[in-house]
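Dear colleague,

Please find the structure below, together with its sequence. I should be grateful if you would read the notes that follow beside it.

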Amino acid sequence: MKKQRGFTLIELIMVIVILGVLSAFALPRFADFGEDARVASLNALAGALRAAANISHAQQLADGSTPGVSVTLEGADITMVNGYPTANAAGITLASQVSDDYTATGGGTAGGDVLTFTLTPGTAGCTVTYTAADATGTDNTSDLASAPVVAVTPGGC
């Protein structure tokens, strides 16, 4: 007589059960990358805002114009205050080409105005703020009191 070799049905079922239990515990640890993705998106936006502010400032210096005069970047007129983009749609939002994934609130055309960007799905507390450059006076010819500030708040992501 020949002896057959192989796995029994019980052994195969046990292996499947063990794999199922392991995956039930391991999968949740790796499945929720949403928060990390939202924080990475905020950091990317913050980098874009900083870069756009510095490029706009450099263009204004290269043009030799007054700190409040608009600059043209890639055919778009960027409004400026104190040598940097204003905190509104015609300033930093246009210069950095912010996508529709963000909702902008606040802002204005004066130095020190704050524009807040929030991810559109409504993750409150998951924001990036841009504070326009501020000067010691209000005439766009005074000394710069503070450069623009970009801050990330990943609290509600």
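The notes below cover the core, one helix and a surface patch.

This is a predicted model, in which local features need pLDDT of at least 70 and side-chain atom pairs count only at pLDDT 80 or more, while totals for chains, interfaces and linings use all residues. Residues are numbered from 1 along each chain as its sequence is written, and side-chain values use heavy atoms, with hydrogens and water left out.

The largest nonpolar core (buried Ala, Val, Leu, Ile, Met, Phe, Trp, Tyr and Cys residues joined through side-chain atoms within 4.5 Å) has 28 residues. Buried means under 20% relative accessible area, exposed over 50%, and partly exposed in between (1.4 Å probe, protein chains only). L49, I92, F117 and Y130 have the most contacts inside this core. Helix 2 gives the most to the core, with six residues. Helices (H or I, at least four residues) and strands (E, at least two) are DSSP runs, numbered from the N terminus.

In helix 3 (residues 89–96), the buried residues are G91, I92, T93, A95 and S96. They lie on the same side of helix 3 because they cover an arc of only 165° around the axis, taken from the directions from the helix axis to the C-beta atoms. Just after helix 3, Q97 has a positive phi of about 55°.

Elsewhere, L9 belongs to helix 1 (residues 9–31) and is exposed, with a relative accessible area of 62%.

With kind regards
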